[in-house]
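The exercises below are meant to be worked through with the model open beside the text. Try each task before reading its solution, and follow the steps in order.

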Amino acid sequence: MAKEIPYKIYLEENEIPDKWYNVRADMKNKPAPLLNPGTHEPMTADELEAVFCKELVKQELNDTDAYIEIPQEIRDFYKMYRPSPLVRAYCLEKALDTPAHIYYKFEGNNTSGSHKLNSAIAQAYYAKQQGLKGVTTETGAGQWGTALSMACSYFDLDCQVYMVKVSYEQKPFRREVMRTYGAKVTPSPSMDTEVGRRINAEFPGTTGSLGCAISEAVEAATSQEGYRYVLGSVLSQVLLHQTIIGLETKTALEKYDIVPDMIIGCAGGGSNLGGLISPFAGELIRGEKNYEIIAVEPMSCPSLTRGSYVYDFCDTGKVCPLAKMYTLGSGYIPAPNHAGGLRYHGMSSIVSQLYDDGYIKARSVKQTEVFDAAQRFARVEGILPAPESSHAIKVAVDEALKCKETGEEKNIVFGLTGTGYFDMVAYQKFNDGIMDDYCPTDEEIAASLSNCPKI
């Protein structure tokens, strides 16, 4: 007899993973190495350690060890909000009148409101272990900055956050949470750094981008003794920490003999998506299972669906290493819309390689359709979703409606990465009917890509 599936599948505290999963160890085609922007040679550990924490550099360069142990102090912190629940969306299924079974892994059960805390606490831990005074970072929608400010407060580290200007202005409450936890928050691009002044001169009146904020945060880290830069997405080390999401999801599904047909995640820089799908992608690569994995990105910043797979700068100021990734060009600055944190010009090297190898698919969706799906979800499931997560909700709903047409009982799993309680300006614009669906032209993307380095 099949097990009755509860609304929420909880794991026990002792089932929190004690190791992160490194999908690169199983990938037949490893992600291309980071390159020195001056020499175009692979970055060495010594070069990377001038910017990043030493232990994090080891994780960034490790593509051989499938599992990396989670230090006990980090696991103890995880216990404050993990394991997170895997929820059966019974009410959404009923509202859609679909035979599909819909599940979502909810990462909003912590004060930061998102999955970002999974990596923030790890990066703050390694910074403290190294004896640093503090760290610098960027943030888009503010979820990463919020999470890092919490983690730094826990370890008594100084935290300096460069927040994309449009989000700084649209989301003052997220900014104030960061300040409450002791972080210094600066709108980016600012006039406080050399690269910020240069970007402001080149793009007068710009509302900023993650690429701009990264440039400023790196400059701030390298110009202050005892500081290092930490990143909330894109890098392999960050995806590694986020695999705790996918590992817990896999364990919860196996408890009830549930085999997912589709796994869906929103995609900006790739941390949430990569964390959710990595254990499943590993099974795909090893030929053990067959899943359909879908990355969902905003139509306003479509790096996977309309970008090029080339080496590019990770930042607008062109001071960071070069990464081979699906990119729109480091100078691409998205329209000041409400796609949340999904505003980065490129995609994680791991996600990019998996996509290029055909292990995952990608879709881009309109902003108004995303908020329509978010509203539908909120009204029946009782959670106000973050705009980022709502991209995954949109495609999960689309797939469930397809099942209604075909009669298929597919198991659909998606990542609900966080809550949207600080995103009410966006919801207000949607409710007032003044939200638009900006989509870059082919000419705009081509012009941005023309500035990628020729390697």
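**Exercise 1. The largest pocket**

Which elements each supply at least two residues of the lining of the largest pocket?

Solution. Keep in mind from the outset that this is a predicted model. Begin with the space itself, which amounts to about 280 Å³ in the largest pocket. Next, look at the residues around that space: the lining has 17 residues, and Ala32, Pro33, Leu34, Glu60 and Ser236 are the ones nearest the centre of the pocket. Then assign the lining to elements, and you will find that α2 (54-61) and β13 (322-327) each supply at least two residues. Finally, sort the lining by class, which gives 11 nonpolar, 3 polar and 3 charged residues.

**Exercise 2. The second largest pocket**

Find which helix gives the most to the lining of the second largest pocket, and describe that lining by class.

Solution. The second largest pocket has a volume of about 220 Å³. Its lining includes Arg198, Ile199 and Glu202, together with residues such as Phe203, Thr316, Lys318 and Asn451. The helix that gives the most is α9 (residues 194-202), with 3 residues. Sorting the lining by class then yields 2 nonpolar, 6 polar and 3 charged residues.

**Exercise 3. A closed space**

What is the make-up, by class, of the lining of the second largest cavity?

Solution. Start with the count of closed spaces, for the structure holds 5 cavities of 30 Å³ or more. The second largest cavity has a volume of about 90 Å³, and among the residues that line this cavity are Leu34, Phe52, Ile214, Tyr229, Cys314 and Tyr344. When the residues of this lining are divided by class, 11 are nonpolar, while no polar and no charged residues appear. Leu34 deserves a second look, since this residue lines the second largest cavity and also lies among the residues nearest the centre of the largest pocket.

**Exercise 4. A mostly covered helix**

Determine how many residues of helix α14 are buried, and which elements those residues pack against.

Solution. Helix α14 runs over residues 349-356, and 6 of its 8 residues are buried. Named one by one, the buried residues are Ser349, Ile350, Val351, Ser352, Gln353 and Leu354. Now turn to their surroundings: they pack against three helices, α11 (236-255), α12 (271-285) and α13 (303-306), and against the strands β12 (308-313) and β13. At the start of the helix, a side-chain oxygen of Ser348 comes to within 3.1 Å of the backbone nitrogen of Ile350. After the helix comes Gly358, whose phi is positive, near 85 degrees.

**Exercise 5. The nonpolar cores**

Which residues have the most contacts inside the largest nonpolar core?

Solution. A general tendency is useful here: in soluble globular proteins, nonpolar side chains tend to be buried together. The largest nonpolar core of this model has 73 residues, and those with the most contacts inside it are Trp20, Ile74, Tyr78, Leu148, Ile277, Ile293 and Leu354. Helix α5 (residues 117-129) provides the largest share of this core, namely 8 residues. Apart from this core lies another, of 34 residues, with Ile383, Leu384, Val397 and Cys403 among them. To see contacts in detail, take Ile277: leaving out residues up to four places away in sequence, Ile277 touches Ile263, Ile293, Leu354 and Ile360.

**Exercise 6. A serine in a loop**

Is Ser190 buried or exposed?

Solution. First place the residue: Ser190 lies in the loop between β8 (184-188) and α9. The cut-off needed is that buried means under 20% relative accessible area; Ser190 has 7% relative accessibility and therefore counts as buried. The side chain of Ser190 also makes a polar contact with the side chain of Glu216, at 2.6 Å. The loop between β8 and α9 holds Pro189 as well, and the peptide bond joining Ser188 and Pro189 is cis, with omega about 5 degrees.

**Exercise 7. Positive phi**

Decide whether Asp97 and Asp257 are buried or exposed.

Solution. Asp97, in the loop between α4 (90-96) and β5 (101-106), has a positive phi of about 55 degrees although it is not a glycine. Asp257, in the loop between α11 and β10 (262-266), has a positive phi near 55 degrees. Exposed means over 50% relative accessible area, so Asp97 is exposed at 53%, and Asp257 counts as exposed at 60%.

Key. Residues numbered from 1 in each chain as written. Predicted model: local features only at pLDDT ≥ 70, side-chain atom pairs only at ≥ 80, totals over all residues. Heavy atoms only, no water. 1 Å grid on protein atoms, 1.4 Å probe; cavity = no way out; pocket = protein on both sides within 12 Å on 5 of 7 lines; lining within 4 Å. Points joined across faces, edges and corners; volume = space filled by probe spheres on them. Helix = DSSP H or I, 4+ residues; strand = E, 2+ residues; numbered from the N terminus. Nonpolar A, V, L, I, M, F, W, Y, C, P; charged D, E, K, R; others polar. Buried < 20%, exposed > 50% of the residue type's maximum accessible area, 1.4 Å probe, protein only. Contact = heavy atoms within 4.5 Å. Polar contact = N/O pair within 3.5 Å; in protein donor to acceptor, adjacent residues only side chain to side chain. Core = buried A, V, L, I, M, F, W, Y, C linked by side-chain atoms within 4.5 Å.
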